[in-house]
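Let's walk through this model together, starting with a pair of helices and moving on to the core and the salt bridges.

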Amino acid sequence: MPGEAAADAARRLTTTAVWRLRDRVVLLDRPIVMGVVNVTPDSFSDGGDFFSPDAAVERAGRMLAEGADMLDIGGESTRPGAAPVPAAEELRRVRPVIEALHASFPDVPLSIDTVKSEVARAALAAGAHLVNDVSGGRLDPVMTAMCAAAGAGLVLMHSRGAVAEMASYALADYGNDVVGEVVAELATRVDAARRAGVAAESLVVDPGIGFAKRTVHSLAVLADLPRVTALGYPVMVGVSRKRLIGEITGVSDPGERAMGTVGLHVAALTRGARVFRVHDVREHRQALDAAWAVVGNREAGSGHREQ
């Protein structure tokens, strides 16, 4: 990262990071838990469970009571083999839910999980504060400029391919340095977003665990996460209930993978991640806060805080 960008990244790493989301600021001085609200009929973990606005509000209320800091609403599944969803259908799913959540919990930051600028724009108008783009802005050239104009927060995730192939192994082809390739591709997406006008303080990066990565690739990225944080932006990790948890633990039911998920997320916290996208909020709030009592103490004692 040359010149001024490197100096800017270094400055941010020596202070408590903030994440600017339109009309609010989230301090990243502790682990941030992002609760998942899927409004898809075919999500791998909870498809169809929270499809209506009333069900989504009930689900959100439980997660907030358990300690969620923000909510992520998605209307298009990225499970392996999932069919692409037209923008009109995705909007039909997510807009009423975002409107209901914003009305019920006006102080809670809401994220729209989409790769389509049309959906993101409508979601922001309905009350969302940030965009979680699992394509890192690759699939819609308008996305980053739209987020910049709206002042929205933006999560740029590493992935390869279209929505239908992201969570498959079709493009999981890496050389001897998988982490280096992931970091380089993420840096390209960050540079594109910054050139489009997205403020540095609005960006968070996600290494895309399980996306275009076999389990061995995902574990390599998690083990070497400081190379991702070295980009100079806060890092989000989301391994919640994913296939690699089943491969590691032998637990086949995604709904039973909470403890394995917590284990990897705590490991990611110790390596610099600060935002965690999860289905099981109660377990994560307790585990991450307990781990932070150690991690945060260590960073304060070193004379600076990372991220």
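Val178, Val179 and Val182 in α7 meet His217, Ala220 and Val221 in α8, where contact means heavy atoms within 4.5 Å. By class, this contact has 5 nonpolar, 1 polar and no charged residues. The axes of α7 (residues 178-195) and α8 (residues 215-223) lie 9 Å apart at an angle of about 75°, so the two helices are roughly perpendicular (65 to 115 degrees). This is a predicted model, in which local features need pLDDT of at least 70 and side-chain atom pairs pLDDT 80 or more, while totals for chains, interfaces and linings use all residues. Residues are numbered from 1 along each chain, and side-chain values use heavy atoms, without hydrogens or water.

Now to the interior. The largest nonpolar core (buried Ala, Val, Leu, Ile, Met, Phe, Trp, Tyr and Cys residues joined through side-chain atoms within 4.5 Å) has 71 residues, with Leu71, Ile73, Ile98 and Val237 making the most contacts inside it. Helix α7 gives the most to this core, with 7 residues. A second, separate core of 13 residues includes Ala17, Leu21, Ile32 and Val204.

Next come the charged pairs. There are 17 salt bridges, each a side-chain nitrogen of Lys or Arg within 4 Å of a carboxyl oxygen of Asp or Glu. Arginine 277 pairs with aspartate 113 at 3.3 Å, N to O, linking strand β10 to strand β5 across 164 residues. Both arginine 277 and aspartate 113 are buried (under 20% relative accessible area, with a 1.4 Å probe and protein chains only; exposed is over 50%, partly exposed in between).

Terms used: Axes fitted to C-alpha atoms, helices over the stretch in contact; angles between N-to-C directions. Helix = DSSP H or I, 4+ residues; strand = E, 2+ residues; numbered from the N terminus. Parallel < 35°, antiparallel > 145°, perpendicular 65-115°, else oblique. Nonpolar A, V, L, I, M, F, W, Y, C, P; charged D, E, K, R; others polar.
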